[in-house]
Amino acid sequence: MICISIFNQGWEFGIIIFGFHLLILGYLIYKAGYRRKILGILIIIASLGYMTDGLGKLLSADYNLTISMFTFIGEAVLLFWLLIKGRQIEEKIKNK
């Protein structure tokens, strides 16, 4: 049980680091241009959800909220945006 507890603490620490990564990524997307501002905001919201859940579980044994379960939508939107834009860039390169 000690090993499982240590693993869970490490996992939550990794989620916090991932939240910081998304925060920086969301900021960069937000600053990139007008059309991507909503995507940047969604990624920032997702990062705040991950960091809140990670810190809550590390600091309190009774933390039962799962905010990131609702804020991950920004990541899904980013996934599809990259798939669509990546395809368009690939087609532009082939046409040259």
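This report walks through the fold, the nonpolar core, the surface patch and a handful of residues of one predicted chain.

Some ground rules help first. The model is predicted, with local features needing pLDDT of at least 70 and side-chain atom pairs counting only at pLDDT 80 or more, while totals for chains, interfaces and linings use all residues. Residues are numbered from 1 along each chain as its sequence is written, and side-chain values use heavy atoms, leaving out hydrogens and water.

**Overall shape**

The chain has four helices and zero strands, in the order α-α-α-α along the sequence. Here helices (H or I, at least four residues) and strands (E, at least two) are DSSP runs, numbered from the N terminus. The chain is more spread out than a compact globule, because its radius of gyration is 17 Å, well over the 12 Å that the globule rule gives for 96 residues. That radius is taken over C-alpha atoms, and the globule rule is 2.2 Å times the number of residues to the power 0.38. The C-alpha trace spans about 60 × 25 × 20 Å along its principal axes.

As for burial, 24% of the 96 residues count as buried. The cut-offs are under 20% relative accessible area for buried, over 50% for exposed and partly exposed in between (1.4 Å probe, protein chains only). The accessible surface of the chain is about 7400 Å², and 71% of it belongs to carbon and sulfur atoms. Accessible areas come from the Shrake-Rupley method with a 1.4 Å probe, and for residues only the protein chains shown count as cover. Among contacts (heavy atoms within 4.5 Å) with a separation of 6 or more, 59% join residues 24 or more positions apart.

**The nonpolar core**

In soluble globular proteins, nonpolar side chains tend to be buried together. The largest nonpolar core in this chain has eight residues: I15, L22, I29, L39, I43, A46, Y50 and L78. The elements giving two or more residues to this core are α1 (2-32) and α2 (37-59), and α2 gives the most, with four residues. Such a core is a set of buried Ala, Val, Leu, Ile, Met, Phe, Trp, Tyr and Cys residues joined through side-chain atoms within 4.5 Å.

Y50, a member of this core, is a good place to zoom in. Setting aside residues up to four places away in sequence, Y50 touches I15, F18, G19, L22, S68, F72 and E75.

Two buried residues can be viewed alongside the core. I16 lies in α1 and, leaving aside neighbours within four places in sequence, is in contact with M51, G54, L55 and L58. I16 and G49 are 33 residues apart along the chain, and their C-alpha atoms are separated by 9.6 Å. S47 sits in α2 and touches G19, L22 and L23, again not counting residues up to four places away.

**The surface patch**

F13, I17, F20, L55, L58 and L59 make a nonpolar surface patch of about 610 Å². Helices α1 and α2 each supply at least two residues of it. Patches are made of residues with over 30% relative accessible area and no salt bridge, with like charges joined within 9 Å and nonpolar side chains (Val, Leu, Ile, Met, Phe, Trp, Tyr) within 5 Å. A salt bridge is a side-chain nitrogen of Lys or Arg within 4 Å of a carboxyl oxygen of Asp or Glu. One of the patch residues, F13, is placed in α1. L55 and L58 belong to the patch and are also contacts of I16.

**Selected residues side by side**

| Residue | Helix | Relative accessible area | Class |
|---|---|---|---|
| F13 | α1 | 48% | partly exposed |
| I16 | α1 | 7% | buried |
| I38 | α2 | 56% | exposed |
| S47 | α2 | 0% | buried |
| L48 | α2 | 43% | partly exposed |
| I93 | α4 | 60% | exposed |

A few distances help to place these residues. I38 and L48 are 10 residues apart along the chain, with C-alpha atoms separated by 15 Å. L48 and L78 are 30 residues apart along the chain, and their C-alpha atoms are separated by 16 Å. I93, in helix α4 (residues 73-95), is 77 residues from I16 in sequence and 38 Å away in space, C-alpha to C-alpha.
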